[in-house]
Amino acid sequence: MDVDKLRARMTDSVRVRFDDTWQKTFYPDVNSVLPSLGSPSRLEVGHAKQLEVHGIAARTLGPGPWSSVPFTVLEEKDGSLRQRFILWTLDGNRAAEAAGYEASVPLAHVSCYLGAVHEECGSTRDFRTGFYAIEIPKAVRHLFRFAADDGSWWELNRLPMGHTCAPELMHTLAAVSAGHPDFVLPEFVEGDVVVHVWVDNIRYAGSKRNVLAATERLDKTALDCSLTWKGVDSRTASRRYEFIGVDWRHDVSHVSLSSKLRKKLVTTRYELRSSSLSAADIETLGGRLLHASAIAGIFPGSFWFALKFMRGVTNSLNRGKRLPSEPVLLSSCIRSSLQGWIDI
């Protein structure tokens with residue numbers, strides 16, 4: 001990704017905010033926080049070598065000044081399982097927050113996006129490499145080091161998922177590439193279509209003629225700024241597609257839950273047969289249920305006790321009173337309410 005070319009398209013206020021976030025991400029005051037004692041977490045060396053093959057990481061001689069936690073999560077993608085690498089940059093996040101960083105990613109409630117279904121069609125684009133599209137400057141890659149289980153040390157050369165500033169940087173660059181009117185200079189605005197951006201996902205909606213023209217300009221921007229898209233998630237002037245957990249049907253002006261979101265909820269319903277879930281899983285479930293309710297037109301207040309329970313667990317997580325992995329007991333009443341909410 002050619003960040004400089006995209007930066008040149010930003011409005012003055014967006015550029016100032018972007019530069020400040022970039023500074024807090026890659027050039028923090030290394031003396032602003034005391035280094036953590038370190039983490040016993042080490043990545044399997046086979047995974048580290050895969051990152052090296054794809055140009056995401058490289059071997060290095062030893063640890064950096066700060067501590068980071070490498071791990072992988074198993075997730076379903078396009079009908080198959082894959083492992084996603086995350087580097088939780090503990091000290092880097094603390095340094096950004098010590099410098100006054102507060103996230104500003106303008107993601108609205110899903111209901112704010114649904115009106116676009118009344119447009120004739122839509123186009124979607126999804127960045128192929130996500131956060132990895134952003135290159136870490138060579139001078140500061142030592143701040144993004146981690147250990148493998150064979151004792152070797154590695155450092156990232158691409159922005160990892162796990163840094164507190166990463167979503168904002170990615171969202172801003174995606175919005176600029178899409179010509180979002182809140183982010184770019186007037187000559188780069190896509191004014192004839194509805195422009196929606198969700199971190200590294202882009203959607204245009206409008207008349208077929210205008211959507212095709214906007215999509216063609218976006219693809220030219222991609223060539224000019226070295227952006228690449230996922231072919232499987234790219235649709236051009238389509239009347240049906242999935243975006244932000246929604247199945248969009250422009251032909252009948254109808255929205256419903258996407259197949260991916262339905263599958264995740266079905267999996268969770270099965271897990272609710274257990275007497276407990278981790279605090280992190282309950283927080284995730286709460287977000288998914290509220291998201292799905294807005295799409296399906298369900299009033300969450302009908303499940304007030306379950307909503308209050310999930311809110312309590314989330315609040316305790318945010319205040320550090322619970323660990324994400326800590327099991328939380330589910331009463332039969334709460335399980336029944338959550339299962340009923342999913343079934344609707």
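The exercises below, with worked solutions, concern a predicted model.

**Exercise 1**

Determine the strand order and the edge strands of the sheet that contains β10, β11 and β12.

Solution.

Step 1. Take the pairings in turn. β10 and β11 are joined antiparallel by four bridges, and in this pair Tyr-241 stands opposite Trp-248 in β11. Strand β11 (residues 246-249) is also antiparallel to strand β12 (residues 254-257), again over four bridges. Here Trp-248 faces Val-255 in β12.

Step 2. Put the pairings together. The three strands form an open sheet in the order β10-β11-β12, and the pairing is antiparallel. β10 (240-243) and β12 have a single partner strand each, so they stand at the edges with one side left without a neighbour in the sheet. From one strand to the next, the twist averages 25°.

Step 3. Add the helices. Helix α7 (residues 259-271) packs on this sheet and touches β10 and β12, with its direction at about 30° to that of β12. Helix α8 (residues 279-296) lies across β11 and β12 and runs at about 155° to β12.

Step 4. Inspect the connection. β11 and β12 make a hairpin with four residues between them, and in the turn Ser-253 has a positive phi of about 50°.

**Exercise 2**

Describe the sheet to which β1, β5 and β6 belong.

Solution.

Step 1. Establish the order. The sheet is open, has three strands in the order β1-β6-β5, and is paired antiparallel.

Step 2. Find the edges. Because β1 (57-60) and β5 (145-147) each have a single partner strand, one side of each lacks a neighbour in the sheet. The average twist from one strand to the next is 35°.

Step 3. Examine one pairing. β5 is joined to strand β6 (residues 153-156) by three bridges, and the two run antiparallel. Ala-147 has Trp-153 in β6 as its bridge partner.

**Exercise 3**

Work out how the buried residues of helix α6 are distributed around its axis, and what they pack against.

Solution.

Step 1. Check the geometry. Helix α6 (residues 208-224) has 17 residues and reaches 24 Å from first to last C-alpha, close to the 24 Å expected at 1.5 Å a residue.

Step 2. Sort the residues. Val-211, Ala-214, Thr-215, Leu-218, Thr-221 and Ala-222 are the buried ones. Viewed down the axis of α6, the buried residues fall within an arc of 115°, so they line one face of the helix. Arg-209, Lys-220 and Leu-223 are exposed and sit on the face turned away from the buried side.

Step 3. List the partners. The buried residues of α6 pack against α1 (3-7), β4 (121-126), α5 (166-178), β8 (201-206) and β9.

Step 4. Look past the end of the helix. Just after α6, Ser-226 takes a positive phi of about 60°.

**Exercise 4**

Classify Ser-238 and Ser-337 as buried or exposed, and give the surroundings of Ser-238 and of Ser-337.

Solution.

Step 1. Place the residues. Ser-238 lies in strand β9 (residues 235-238), while Ser-337 is in helix α10 (residues 332-343).

Step 2. Apply the cut-off for buried, under 20% relative accessible area. Ser-238, at 16%, is buried. Ser-337, at 18%, also counts as buried.

Step 3. Collect the contacts, leaving aside neighbours within four places in sequence. Ser-238 is in contact with Cys-121, Gly-122 and His-250. Ser-337 is in contact with Phe-303 and Ala-306.

Step 4. Add the polar pair. A polar atom of the Ser-238 side chain lies 2.7 Å from the backbone oxygen of Arg-240.

Note on methods:
Residues numbered from 1 in each chain as written. Predicted model: local features only at pLDDT ≥ 70, side-chain atom pairs only at ≥ 80, totals over all residues. Heavy atoms only, no water. Pairing = 2+ DSSP bridges. Axes fitted to C-alpha atoms, helices over the stretch in contact; angles between N-to-C directions. Buried < 20%, exposed > 50% of the residue type's maximum accessible area, 1.4 Å probe, protein only. Polar contact = N/O pair within 3.5 Å; in protein donor to acceptor, adjacent residues only side chain to side chain. Contact = heavy atoms within 4.5 Å. Expected span 1.5 Å × (residues − 1). Arc of directions from axis to C-beta.
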